[in-house]
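This report is addressed to a reader who meets the structure for the first time. Please view the sequence and the model together before reading on.

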Amino acid sequence: MTHTARRIGRSLALVLPVVLVLSGTLAVTMVPWADNSPSQILTASAEDVSVPAKPLAAQDVLRDKLLGELQQGAQPGEVLTHLQQAVDKRPSLADHCVGIARALGRAAVEKYGPTKAQSYARPVCDTSYAAGVASIG
């Protein structure tokens, strides 16, 4: 008798958790708040795209413009001149000059390699261009 009771107990120990999990899963999917209709499914396209994005800050616009010039074939020396001219015209950009010059240095290394990129280094924004070149090269 003990042997039979043990076998029944072991069988229940294996089968019971599976039955409980399946019945719980089925119960959750049958409740009214689990509506699976397409109107309830949110997708990425459900965002309101008519709202304009936040405008970029002046330093971000300048950085993107100068990096674009560099990618389109302008020499790094020419792009650094444009950076200096922009900072001279708009002194509020001076706080961001270091970061922009470093980004230009990194981009120049990717395009020309470290040796040639370093040859364009000039004292714009406290030699930050050279620091950008050195950080990758």
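The following paragraphs treat the whole chain, two of its helices, its largest pocket and three single residues.

**The chain as a whole**

The structure is a predicted model. Its chain contains 6 helices and 0 strands, and from the N terminus on the order of elements reads α-α-α-α-α-α. Of the 137 residues, 24% count as buried. The chain exposes about 9800 Å², and carbon and sulfur atoms supply 61% of that area. Among contacts between residues at least 6 apart in sequence, 69% join residues at least 24 apart.

**Helices H3 and H4**

For two helices, the span expected at 1.5 Å a residue can be set beside the distance between the end C-alpha atoms.

| Helix | Number of residues | Expected span | Distance between end C-alpha atoms |
|---|---|---|---|
| H3 | 14 residues | 20 Å | 20 Å |
| H4 | 16 residues | 22 Å | 22 Å |

In H3, the distance agrees with the expected span. The distance in H4 likewise agrees with its expected value.

Helix H3 covers residues 76–89. Its buried residues are Pro76, Gly77, Val79, Leu80, Leu83, Ala86 and Val87. Helix H4 covers residues 97–112. The buried residues there are Cys97, Ile100, Ala101, Ala103, Leu104, Gly105, Ala107, Ala108, Val109 and Tyr112. After H4 comes Gly113, which has a positive phi, near 90°.

**The largest pocket**

The largest pocket has a volume of about 170 Å³. Its lining consists of Ala58, Val61, Leu62, Lys65, Leu66, His82, Gln85, Ala86, Lys89, Arg90 and Leu93. By class, this lining has 6 nonpolar, 2 polar and 3 charged residues.

Which helix gives the most to the lining of the largest pocket? That helix is H2, with 5 residues. Helix H2 (58–71) and helix H3 (76–89) each supply at least two residues of the lining. Ala86 of H3 appears both in the lining and among the buried residues of its helix.

**Glu69 and Leu70 in helix H2**

Glu69 lies in helix H2. Is Glu69 buried or exposed? With a relative accessible area of 17%, Glu69 is buried, because the cut-off for a buried residue is under 20%. Leaving aside neighbours within four places in sequence, Glu69 is in contact with Ala74, Val79 and His82. Of these partners, His82 also lines the largest pocket, and Val79 is buried in H3.

Leu70 also has its place in helix H2. Its relative accessible area is 1%, so Leu70 is buried. Residues up to four places away in sequence not counted, Leu70 touches Gln75, Pro76, Val79, Leu104, Ala107, Ala108, Lys111 and Tyr112. Several of these partners are themselves buried: Pro76 and Val79 in H3, and Leu104, Ala107, Ala108 and Tyr112 in H4. Leu70 and Lys111 are 41 residues apart along the chain, and their C-alpha atoms are separated by 8.6 Å.

**Ala94 between H3 and H4**

Ala94 is found in the loop between H3 and H4. At 40% relative accessibility, Ala94 counts as partly exposed, because that class lies between the buried limit of 20% and the exposed limit of 50%. The C-alpha atoms of Ala94 and Gln59 are separated by 9.3 Å, while the two residues stand 35 residues apart along the chain.

Conventions
Residues are numbered from 1 along each chain as its sequence is written. This is a predicted model: local features need pLDDT of at least 70, side-chain atom pairs count only at pLDDT 80 or more; totals for chains, interfaces and linings use all residues. Side-chain values use heavy atoms; hydrogens and water are left out. Helices (H or I, at least four residues) and strands (E, at least two) are DSSP runs, numbered from the N terminus. The expected span of a helix is 1.5 Å times one less than its number of residues. Buried means under 20% relative accessible area, exposed over 50%, partly exposed in between (1.4 Å probe, protein chains only). On a 1 Å grid over the protein atoms alone, a cavity is a set of points where a 1.4 Å probe fits but cannot get out, and a pocket is an open set with protein on both sides within 12 Å along at least five of seven lines; lining residues have an atom within 4 Å of a point. Grid points are joined across faces, edges and corners, and a volume is the space filled by probe spheres set on the points. Ala, Val, Leu, Ile, Met, Phe, Trp, Tyr, Cys and Pro count as nonpolar, Asp, Glu, Lys and Arg as charged, and the others, Gly among them, as polar. Contact means heavy atoms within 4.5 Å. Accessible areas come from the Shrake-Rupley method with a 1.4 Å probe; for residues, only the protein chains shown count as cover.
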